[in-house]
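Here are some exercises to work through with the viewer open. Try each one yourself before reading the solution.

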Amino acid sequence: MDSSRPAGSALDLAAPVRPEESGSGNGAGAGSRRQVQGLDGLRGLAALYVVLFHCWLYTFPGYPRSSAPSWLGGLMFGRLAVVFFLVLSGFSLAISPASHGWRPAGIGEFLRRRAWRILPPYWAALAMSLLVSWFVVPASHFGPPTGATVLVYGLVAQDVVTAPTPNGAFWSIGVEAELYLLFPLLLFVRRRWGAVMSAACVTLPVIAWGLTAAGANPVEGDNWLAPHLAPVFAAGVLGAGVVAAPDRVRRLPWGWFAVLAALPVLALGAVRGSVWTVNHYFWIDLAIAPAMTMLLAAVATGKPAVLVRLLTARPIHGLGGFSYSLYLIHLPIVLAVIRRVAPHFVAPGLPTFWFTLAVGLPVSILGAWLFSKIFEMPFKRNRSWKSIVVARSGK
């Protein structure tokens with residue numbers, strides 16, 4: 001398994017979903033758009049955590065038995081970012097269908113819009129990552145990218161076919177692409193048989209699979225992770241029903257429910273230790289997803305108000321606006337700083353970590369902002385090449 005695997009991405013992880021992209025032809029109304037304030041802020045904070053995780057991961061060797069100081073231990077759970085991102089992705093995509101009887105628009109149109117929104121910046125980041133991996137610093141201990149890398153990652157098939165990675169953060173992008181194919185089926189089952197049946201259809205096979213593994217704890221490889229992570233995506237999809245639910249449901253204390261759901265998982269991790277937690281991510285992922293879903297339900301219904309105000313503050317909301325770009329390009333920058341720049345100025349270990357935060361973090365954020373202006377925002381604001389050309393010509 002690649003050492004960067006715990007970080008997490010998901011194609012849509014940091015890519016905001018417009019109502020018209022989320023599977024309902026009618027789109028969400030103004031009320032629905034108002035209700036989901038704060039989700040961009042959550043994307044931004046989650047993407048920032050992934051950057052910090054990678055600064056930590058590549059500075060201190062030995063993951064998960066890291067050589068880092070214990071007081072930095074809170075940075076080691078980057079894998080949980082992918083769980084949160086996948087829950088958030090499912091939640092965002094399902095808000096509009098949930099408001100319209102769980103009915104999607106055409107499947108082909110949904111996939112086209114997702115591809116238009118996601119793939120251009122991903123392909124641009126792939127080209128950048130290949131160049132950095134070939135000429136500056138390798139992204140993987142498997143060696144530099146090959147022709148197979150270009151083909152596999154270009155087709156977003158990395159969860160199905162193994163090839164040397166050009167960017168360790170890309171692993172879950174293939175997972176998300178596969179989950180997009182599952183999304184219309186989840187809506188169909190939810191519409192026909194309800195939330196419980198939808199959750200059971202996705203989750204029970206994964207639990208059964210996990211229980212049959214040696215020690216009832218499956219060891220993950222470099223790919224084929226979509227089946228395991230499908231339940232967390234489905235949790236987000238089903239949780240979006242809260243946004244369109246009656247007021248008596250929306251008024252429930254979803255924030256407190258999230259805390260209560262998270263406490264047993266956090267307590268288990270504290271008792272068993274961080275290494276045990278990392279080695280049992282298969283079960284931790286499934287256990288923490290309900291708490292994450294309830295947190296999203298709380299924010300989407302405007303509670304707690306202080307958290308929503310924080311998430312909608314200009315700096316955090318702004319970070320969320322280009323968080324997808326930050327996720328895509330930060331790792332080549334962080335690796336170059338740690339392995340090519342820092343050794344000329346500071347000693348290994350903690351000095352390198354501080355140097356990376358001082359140099360690599362702001363460069364990653366500024367670079368992502370510029371990258372988004374060129375490769376992400378045009379595809380976010382326009383729906384076709386023609387509209388992009390018209391917009392750039394000023395006509």
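Two residues are in contact here when they have heavy atoms within 4.5 Å of each other. Keep in mind that this is a predicted model.

**Exercise 1. Find Asp285 and list what it touches beyond its neighbours within four places in sequence.**

Step 1: go to helix α11, residues 281-300, where Asp285 sits.

Step 2: check its exposure. The relative accessibility of Asp285 is 0%, and buried means under 20%, so Asp285 is buried.

Step 3: collect the partners. With neighbours up to four places away set aside, Asp285 contacts Arg79, Leu80, Val83, His228, Leu229 and Val232.

**Exercise 2. Get a feel for the whole chain: how many helices and strands are there?**

Step 1: count the elements. The protein chain has 16 helices and zero strands.

Step 2: look at its spread. The radius of gyration is 20 Å, close to the 21 Å from the globule rule for 395 residues, so the chain is as compact as a globular protein of that length.

Step 3: box it in. Along the principal axes, the C-alpha atoms fill roughly 60 × 60 × 40 Å.

Step 4: look at burial and contacts. Of the 395 residues, 55% are buried. Take the contacts between residues at least 6 apart in sequence: 81% of them join residues at least 24 apart.

**Exercise 3. Describe how α2 and α15 pack.**

Step 1: pick the numbers you need. Two packed helices are described by the angle between their axes and the distance between those axes.

Step 2: read them off. The angle between α2 and α15 (residues 350-381) is about 145°, and their axes are 10 Å apart. The crossing of α2 and α15 is right-handed.

Step 3: name the residues that make the contact. From α2 come Leu48, Val51, Leu52, Cys55, Trp56 and Thr59, and from α15 come Thr352, Phe353, Thr356, Leu357, Leu361 and Ile365.

Step 4: sort them by class. The contact of α2 with α15 has nine nonpolar residues, three polar ones and no charged ones.

Step 5: try another residue of α15. Trp369 lies in this helix, and its relative accessible area of 39% makes Trp369 partly exposed. Between Trp369 and Ala46 there are 16 Å, C-alpha to C-alpha, for a sequence separation of 323 residues.

**Exercise 4. Is Phe77 buried or exposed, or in between, and what does Phe77 touch?**

Step 1: place the residue. Phe77 is in the loop between α2 (39-59) and α3 (79-98).

Step 2: apply the cut-offs. Buried is under 20% and exposed is over 50%, so Phe77, at 22%, is partly exposed.

Step 3: list its contacts. Residues up to four places away don't count, and that leaves Tyr49, Phe53, Ser274, Thr277, Val278 and Tyr281.

Step 4: take one of these partners. Val278 is 201 residues from Phe77 in sequence, yet their C-alpha atoms are 7.5 Å apart.

Step 5: compare notes with another loop residue. Val36, in the loop between α1 (30-35) and α2, contacts Ile95 and Ala300 once neighbours within four places are left aside. Its C-alpha is 8.5 Å from that of Ser92, which is 56 residues away along the chain.

**Exercise 5. Tour the loop between α6 (171-212) and α7 (226-239) and note the backbone and side-chain details.**

Step 1: start with Ala216, found in this loop. Ala216 isn't a glycine, but its phi is positive, about 55°. At 27% relative accessibility, Ala216 is partly exposed.

Step 2: move on to Asn223, also in the loop. Asn223 has a relative accessible area of 13% and is buried. Its side chain makes a polar contact of 2.7 Å with the side chain of Thr162.

Step 3: finish with Trp224, again in the loop between α6 and α7. Trp224 has a positive phi too, near 60°.

**Exercise 6. Which kind of peptide bond leads from Tyr63 to Pro64, and from Lys303 to Pro304?**

Step 1: check omega from Tyr63 to Pro64. It is near 5°, and the bond is cis. Pro64 lies in the loop between α2 and α3.

Step 2: do likewise from Lys303 to Pro304. Omega is near -10°, and this bond is cis. Pro304 is in the loop between α11 and α12 (305-311).

Technical notes:
Residues numbered from 1 in each chain as written. Predicted model: local features only at pLDDT ≥ 70, side-chain atom pairs only at ≥ 80, totals over all residues. Heavy atoms only, no water. Helix = DSSP H or I, 4+ residues; strand = E, 2+ residues; numbered from the N terminus. Buried < 20%, exposed > 50% of the residue type's maximum accessible area, 1.4 Å probe, protein only. Polar contact = N/O pair within 3.5 Å; in protein donor to acceptor, adjacent residues only side chain to side chain. Axes fitted to C-alpha atoms, helices over the stretch in contact; angles between N-to-C directions. Left-handed = near helix turned anticlockwise from the far one by under 90°. Nonpolar A, V, L, I, M, F, W, Y, C, P; charged D, E, K, R; others polar. Rg over C-alpha atoms; globule rule 2.2 N^0.38 Å.
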